[in-house]
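Thank you all for coming; I would like to walk through one model this morning, beginning with its interior and working outwards to the sheet and the chain as a whole. Please have the structure open while I talk.

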Amino acid sequence: PVVFAGDEFGLTGSVGEEARTPMPWDSVDDAADTIELYAATIALRTGHIALNEGGIRWLHASNDVLVFVREHAEESVLVVAARATFDVLLEPTAVAGSPTVLLGGAVATRDAAGLRLAGTGPSFTAWHLPGVAVS
């Protein structure tokens, strides 16, 4: 995601000086939850090389949910971003192993049918995936 200064406070403006809305310092406390979420997602990105330098492999895309893997030689991160409640079943071979939650509240469960990702939106969840040894 891309964040522009003031987005965390809901500031708007699209042209010229209107786009240079001053920061509402008196309402910073009202945006504490949003600022905390931004800090957590920034820490997630800076803490994982796959999210900085990895390639992307799309696993699912629909009107309300996107699922992809960011892959790097050192690690892989599975990501789901949804704006509504979702229940997505990925093919059994879409990703290896069982995901471990890094951030977010969606649930990943694996069975013979595949990897099921489910949650209520809006939602953003990232999982660490175990490495795959290539011989």
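Let me start with the largest nonpolar core, which has 16 residues, and in which Val65, Val67, Leu78, Val80, Phe86, Leu90 and Leu117 have the most contacts. By a nonpolar core I mean a set of buried Ala, Val, Leu, Ile, Met, Phe, Trp, Tyr and Cys residues joined through side-chain atoms within 4.5 Å, where buried stands for under 20% relative accessible area, with a 1.4 Å probe and protein chains only. At least two residues of this core come from each of S2, S3, strand S4 (86-90), strand S7 (114-119) and S8; helices (H or I, at least four residues) and strands (E, at least two) are DSSP runs, numbered from the N terminus.

Before going further, I should say that this is a predicted model, in which local features need pLDDT of at least 70 and side-chain atom pairs count only at pLDDT 80 or more, whereas totals for chains, interfaces and linings use all residues. Residues are numbered from 1 along each chain as its sequence is written, and side-chain values use heavy atoms, with hydrogens and water left out.

Leaving aside neighbours within four places in sequence, Leu117 is in contact (heavy atoms within 4.5 Å) with residues including Val67, Leu78, Phe86 and Trp127. Apart from the largest core lies another, of 8 residues, among them Leu51, Phe68, Val79 and Leu103.

Turning to the sheet, we have an open arrangement of 5 strands in the order S1-S2-S3-S8-S5, with antiparallel pairing, where two strands pair if DSSP finds at least two bridges between them. Strand S1 (55-61) and strand S5 (100-103) stand at the edges with a single partner strand each, so one side of each is left without a neighbour in the sheet. From one strand to the next the twist averages 25°, with axes being lines fitted to C-alpha atoms, for helices over the stretch in contact, and angles running from 0 to 180 degrees between N-to-C directions. Helix H1 (residues 32-46) packs on this sheet, touching S5 and strand S8 (123-129), and its direction makes about 125° with that of S5.

Within the sheet, S1 and S2 run antiparallel, joined by 6 bridges and by a hairpin through 3 residues, and Ala61 stands opposite Leu66 in S2.

Finally, for the whole protein chain, there are 2 helices and 8 strands, and buried residues make up 29% of its 135 residues.

Methods: Buried < 20%, exposed > 50% of the residue type's maximum accessible area, 1.4 Å probe, protein only.
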